[in-house]
Amino acid sequence: MSLDADLLLLLVIGIDLFIGSTGRLGARIRACALQGLVLAALPLAIQGTGVLTGGERVLHTVLAVLATFLLKAVAIPYFLLRAMRQSGVAREAEPEHSLHLSLLLCAVLVGLSFWIGAVMLPPPEAGSSPLGVPAGLATLLVGLYLTVGGRTELTQVIGYLVLENGVFVIGQRVLGEFPLVVELGVLLDVLVAVMLMAVLVAFGHRPEGGSAGDGAATPAGGAR
Amino acid sequence: MFDVAVHITLLVLMPLPMLGLINRVKSIAAGRKGPPLLQPLYDVVKLLQKGAVYSRTTTWIFVAGPIVTLASAILAALIVPLASTTSPFGFPADVFVFAYLLGVGRFFTMAAALDTGSAFEGMGASREAAFAALAEPALFLALMIVCVPADSACFGDAFSAIPAAGGLLRHPGLLLAALALGVVLLAETSRIPVDDPNTHLELTMIHEVMVLDHSGPDFAFIQIGYALKFFALGAVLVHLVLPIPATGWMAPVLFVAGQAGVAITVGIIESVMARLRLSRVPQFLIGACVVAAVGVLVLFTGGRP
Amino acid sequence: MTLLWALLLVPVACIPIAALLPSAQAVLALCVAGAVAVAGIAAALIPSALESPVFAGGQQLMLDALSAYNLGIVVFVFGFSSVYALRYFGHGARDGTFGRSKARRFGAAWFGFLASMILVLVSNNVGMLWVAMETTTLASALLVCLDFDPPSVRASWTYLMICSVGIALALLGTFLLCGEARTVTNGAESPFLWTDLMRVASRMRPGAVKLAFLFLLVGYGTKAGLAPMHTWLPDAHGQAPTPVSAVLSGVLLNCALYSISRFLPVVEGSTGGDGWAFRLLVPFGLVSIGVAAAFIAHEHDLKRLLAYCSVEHIGIIALGLGLGGTTAALFHTLNHSVSKMVAFFCVGNLAHDHGTRDSRAIGGLLKTSRLAGVGLLVAVLALAGTPPSSTFMSELWIARDGIAGGHLAAVVAFLLGAAVIFVVLLRPILGMAWAPAKEGQPTVRARAVDWPLIVLPLALMVALGLWMPVFLSDALTRAAAVLGGVR
Amino acid sequence: MQGSALADPLSRILTVALVLTLLSVALFIIAGTLSALLGRLDRAALAVGTAGSLLACAVGLAGSVMALMDGGAETVASSWRLPIGAISMGIDPLSAFFCLCIFLVCGLGALFGAGYLRRGWLGRRRLAPALAFFNVLAASMVGVALARDGVLFLLAWEAMSLSSFFLVTFEGDRPETRRAGLVYLIASHLGLVPLIVLFVLLGGATGSFDFAAILAAGAPSALVATTCFLLALAGFGLKAGFWPLHAWLPEAHPAAPSHVSAVMSGVMIKLGIYGLLRTLTFLGEPPEWWGFVVIVVGIVSGVGGVLHALAQHDLKRLLAYHSVENIGIIALGVGLGIVGRANGNTTLSFLGFGGALLHVLNHGLFKGLLFQGAGSVAHATGTRDIDSLGGLLRRMPVTGTTFLVGSAAISGLPPFNGFVSELLIYVGAFVGAVELPASSALWTLAVVPALALIGGLASACFVKAFGVVFLGEPRTPAAAAAHEAGPSMRWAMLLGAGLCVLIGVVPLVALRLVEAPAFALSGAAALPEGVVDVLSAVAGIALALGVLVAVLAGLRWALLRGRDIRQAATWGCGYEAPTARMQYTAASFADPILAPSESIFDRHVHAEGLVGYFPVAASHRRHLGDMAADRVLAPGVDALLSVFRRIDFLQQGGVPRYLVWVLLTVVVLLVWQLGAF
């Protein structure tokens, strides 16, 4: 187990807390990008430098790292930032709760994840980071908090991204690595999903579009 | 053959004078001399000799009413044992048939009443229907009290099975049955306290108002039918109360005395009581049903004889 | 086997073609042609797949009896829906409301949708299964917001968001399951391949497998529209263009449920076959039926009505699986898909003829639009489980297997719920049939193409209610055998 | 039921009988399909549909009578592959008897319907659906009676419900018809639920729906048997119209065209009784309390039905409530039969089941007749409101006379058929009271006064119906302008009335018809002693009554010959200008009977009394709400709908809220299954 991996995982948690505590959408998106970067680095850190001498697996790892980096750290944040600008959403996210409260909640979620990781799950095998599951779980929960608690659509999309990151971290913890096809497929799906979401959000925030999330509750045709 | 002769003789001779007897009793109670015992018979004979007036509204139902009523009353009276414990015309389960024959007569009387289109007659039919429906369960329950111990729903078997000794208290259930049947008799034959046959206000009548439009032979038929119905129900009551032997000279004597007693009792009741308010009559009849039901319970809990 | 690859690649190849075709008409024609081609390939594959699984790409692609059966339903519904799309968008293509760019978008997403659904069915790799499942969401979200008007965008957004988040849970479940499998596989076995998972199932720890299954159930259950995760469904199915609604309701839900059922034998293998995983489906089934009944009772939008009805039927299928009526549940899958498809076709035609989907605003149904009206009535009767439709038979079958399995209370609840739904579903339809036609509503003659589209599937439903062909009963038995339950 | 029929050379009769009844089903279906295909050619559809029905009924009637006379059972199974279940049909005395009822009533209904539809609807409405669904209804009813497999039974059952639903909604553009249709649909579908559970439970562990297999598996355990019995009581009782499951009946039956009402009331609801009886054959020896339950159901249905009937102003609604009443009477018989069976008393059991079965036939005949009469009246006057009619006997002599026959029969009066079956039930109750131990005897004896009360009230009700509709003076111009029904309608009513009289006068023939099924149900091997005597006596009484009436009529004729017979106005007690509006109305007629029961039933009175010294107008309307519908069903439906409305929160609040449900599900599952990990 390398120190780097633990550090990276701590960084992931730190980013979670930051996303939870900031009110600015732009900052959140950039934090997301940073988290993507960390995630891309994570396999390298876990497998250490041995990765570069493993023959066939090298290509696999390098490809996965590159793809993660490109998509999660570059492409997705880019689309989100563009959508933010297009939709003309205020830079300040929204006063959903007071930001202190939000931070506090995220901290509680992180604590909860550590507790679950320590109490409910079997101890990690030798050679993997003990922080893997708690970090992943914390990210997942913070992501869920953002999707459920977020009042603008973009916050929800960010929440979805964070959640996906959390799942990925947990996956890496329990699986070590994914088959390349699967990993690429998942990444592509996430990309397309976020792009679509961004487009829809952008449309929904055109002057007459109204709030997309709330509108879904009122059916068409004046049914209710 | 002899019993048939006795049966028919009684059937022909007794019913109309019984009505005369009631009137006589009432007159005496009122301090008058009253009409002759055979006055109802004279009336009927006179009616039979007359022509008739029909309402333009009526149809053949109006004509059929008295005929069917009389026919069913004759059959009912044939079924009931008279001066013997059995009737020569009895058959298994004749108890039910007896009750339903009375029903046939009532149905057609009511239909004929409605045929005139008169509000008064409709009113009478309506009341008759209501009271008859309520009297029906009492009649059946009373009859069951007699029939169940005998294991037979035939008047003959049932009356034969009533033990001779003990008078009115031969069986407590029997007493209750007689009580209920008495009420049924008053209701079915439209006597006080259910109906006042002598009233002059159509609004308060039941039976009389139903036959307002009948005249001549039709009305005679109705009167005869009415008398027969009274006679038949009275005969059942007599058998419940008096131990009439199966054969012998005592039987007709006791029977005639019993029927006279029924007539006199009705006369006395009519003299001392007033007609009930119409809205109270159902209560009176339901009371009879309850009495009869208690009789059934007594029968079963007291062990069947 | 190359046919399996062809099955997957033909629709994939059609995506760019559709995106490049010069006219809307051409795109619609391609849709039909592509769907027919895929159906042809599937028809060639299915018989052998029913006999024994067909593999391709190493072990990555597999078509076994269960997926072959579902594939049959997919290509059937897709084929009919493609033809219907031709009819539905046809006048739009002529008068310009269904323009070239829209048509291209439609065509590409349509084939992407088909390809991803086929991938769901043929992938032996549970990771790919997830990827394919998410791809169906993306492709169909595009289809839902084809018109790009506010309601459809809102519906599409809700759909995308809920299903993406929900299905992320399924990804978590997949990871947990494969992580557990990794600890017990040897070098030759892959923790991601379903066939290998089945092989090592008995060696996995039941607790971990159960935890993973919970996430899989909720995740894919969201996509399948099981209550209470169904909330996105009425919006999406209601707002999508009608051919898309037909496919969404008709087969997409099946595919999601298929994904859940894939994992059932794995969990059973791990837990020693005590039926834990199957039992977990029962409450979802019952809640879905109940919730559907509640919402149908107050719904007037015909397409949303049918959408809630899908919630009910997915609930019934889940219940059937849960109660041990595997065969019956699979049979019900077919029945629901076909009848729901026709119901959507008819509603689409009615909405076009009457200019509204509000059941209160439509009158004289059986007179003004005779074929669509009668078709809708019959389809809804079938959906409501009226004899002699095959839906009645499969519901009866589920009830029988449920009671034979000792689940009397659940079966009674199911039947009562179904009876209530019968009433609330039929009420608006009958209301439309009886209400006088609205002023100025012309009598619309059905087009020639409507007859086979509506009459054929309905005839099939009645025929299957009265006659079970040998090949179908074989297919059902074999497919049910994959799930480990044969009755 | 009587051993192997194949060994017996006479069983060829049975085979022929089965073939004939199956042929009739095919004929119904062909006639229905043809008339549906004829579509717009109304006259052709009418001719083909009616002719097909009549032919099918004739063929089937022959078959069912043959099977009844033979008394054996035969089944034919086909290799047809239903998804589950099997196409297996058979005939035995019970089936044959109900088939007989179906063919008789449907035949008369089709005959009546030909004229009714032609005169009432030709050119105003498409006739083909009415004819097609009528034939499908008949075919499915026969299918129900012949089915030997649970799934086939349910199929036929539901086909019956649906085809009758479409017939009920024949006049779907009238709001009350729509309401009736919906209520009917709800009721019949809810009734299907217990039936499905019932048949599945009957199949037991084998999961077979085959009746023979169910029988071969032997009687189920007491718990299962009781559950099955209660399910059958609920499911079949709903179709039969047991109180309080009857609420759909007074809505649906009046809404249908009259010949359909006749079939629905006459036989369709009786198939509920058939189902109950058929179920009983699977359940082994019944415990006694089942019989008590059925008796109580019978009493409540009978009294409740007739009291509500009395309060009705709509002639067909009145008749529909009388169906509830008569189903109650049938239930009394069935209850007695069960009690007899439980006590091993075959006499009681035979009389109970026999009386019930005969009443099924009788009610089919007279209720069919009465509905047809009501249809003629409605057709001739354009109204079914009793208080708008009057004086129709002069204008419609055949309708009126046959309606009178039906009225007397349904009131259970001799010499008509209703009396015969009621008498059997009376005698049965009496036998039970005499031969059973006191605790059971009281239950059976309770039948006697109950039946008496029902009979008395029914007779009151039909005096009212017949008297107000057909007698007196017409209350409206429409009634005054009424005309007699068409020839086919007249013939149908005359035939029905003739059969009512026939069974009443020659009850032994009727006994012969119910003998075989009653044997099978009761386990009796021979006619109980005395039954023949009783029925012969009934014949004698009928004859005597006829003779006496003839003699008295002759006497009256002789007396009045040559005398002064005058016509005058009805005696108005001195009032010289009576008008038709002064006649007693149906509502007033029923009032003395309903007043005492006012505290039990919800009676809504809307009265504007006379006010001031010179009152201008006053009105008084009364309406007796249906207790079961008003107090149980309507609040139940409202409660369910309000619960449904409250669930709306699930679908409110957009994406965040929706996601909460997903997460909540995960949490609930995790907590619930915590122990599983």
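**Exercise 1. The loop that holds P415(D)**

Locate P415(D) in this predicted model and describe the peptide bond that precedes P415(D).

Solution. Step 1: P415(D) sits in the loop that links α16 (397–410) to α17 (417–435) of chain D. Step 2: the bond from P414(D) to P415(D) is a cis peptide bond, its omega being near 5°.

**Exercise 2. A proline pair in chain C**

Find where P388(C) lies and give the geometry of the bond from P387(C) to P388(C).

Solution. Step 1: P388(C) is placed in the loop between α15 (370–383) and α16 of chain C. Step 2: the peptide bond joining P387(C) to P388(C) is cis, and omega is near 0°.

**Exercise 3. Positive phi in chain B**

For A93(B) and D151(B), state phi, the loop and the burial class.

Solution. Step 1: A93(B), a residue other than glycine, has a positive phi near 65°. Its loop runs between α4 (60–79) and α5 (94–115) of chain B. Step 2: a residue is buried if 20 or more other C-beta atoms lie within 10 Å of its own. A93(B) has 24 C-beta neighbours inside 10 Å and therefore counts as buried.

Step 3: D151(B) is not a glycine either, yet its phi is positive, about 60°. D151(B) belongs to the loop between α6 (119–150) and α7 (155–161) of chain B. Step 4: because 16 other C-beta atoms lie within 10 Å of D151(B), this residue is partly exposed.

**Exercise 4. Packing of α2(B) against α10(B)**

Classify the crossing of these two helices and describe the residues where they meet.

Solution. Step 1: the axes of α2 (residues 15–29) and α10 (residues 216–241) of chain B come within 8 Å and cross at roughly 85°. Step 2: angles of 65 to 115 degrees count as roughly perpendicular, so α2(B) is roughly perpendicular to α10(B). Step 3: on the α2(B) side the contact involves P15(B), L16(B), M18(B) and L19(B), which meet A227(B), L228(B), F230(B) and F231(B) of α10(B). Step 4: the residues of this contact are 8 nonpolar, with no polar and no charged ones.

**Exercise 5. How the chains touch**

Identify the pair of chains with the most contacts, two pairs without contact, and the make-up of the side of chain C that touches chain D.

Solution. Step 1: 4 pairs of chains touch, and the most contacts are between chains B and D. Step 2: chains A and B share no contact, with their closest C-alpha atoms 53 Å apart. Chains B and C also lack any contact, and there the closest C-alpha atoms lie 41 Å apart.

Step 3: between chains C and D, 51 residues of chain C are in contact with 44 residues of chain D. Step 4: helices of chain C that each supply at least two residues to this side include α6 (150–182), α8 (206–224) and α18 (450–466). The largest share, 11 residues, comes from α17(C). Step 5: by class, the side of chain C that touches chain D has 39 nonpolar, 9 polar and 3 charged residues.

**Exercise 6. Domains of chain D and the make-up of chain A**

Give the domain bounds of chain D, then summarise the secondary structure and burial of chain A.

Solution. Step 1: the domain assignment of chain D lists domain 1 (1–207 + 258–266) and domain 2 (627–676). Their C-alpha centres lie 41 Å apart. Step 2: chain A contains 8 helices and 0 strands. Step 3: of the 224 residues in chain A, 50% are buried. Step 4: among contacts in chain A between residues at least 6 apart in sequence, 77% join residues at least 24 apart.

How values were computed
Residues are numbered from 1 along each chain as its sequence is written. Chains are lettered from A and ligands numbered from 1 in the order in which they are written. This is a predicted model: local features need pLDDT of at least 70, side-chain atom pairs count only at pLDDT 80 or more; totals for chains, interfaces and linings use all residues. Two residues are in contact if their C-beta atoms, placed from the backbone, lie within 7 Å. Domain bounds come from an automatic or database domain assignment. Axes are lines fitted to C-alpha atoms, for helices over the stretch in contact, and angles run from 0 to 180 degrees between N-to-C directions. Helices (H or I, at least four residues) and strands (E, at least two) are DSSP runs, numbered from the N terminus. Angles under 35 degrees count as roughly parallel, over 145 as roughly antiparallel, 65 to 115 as roughly perpendicular and the rest as oblique. Ala, Val, Leu, Ile, Met, Phe, Trp, Tyr, Cys and Pro count as nonpolar, Asp, Glu, Lys and Arg as charged, and the others, Gly among them, as polar. A residue is buried if 20 or more other C-beta atoms lie within 10 Å of its own, exposed if 12 or fewer, and partly exposed in between; C-beta atoms are placed from the backbone.
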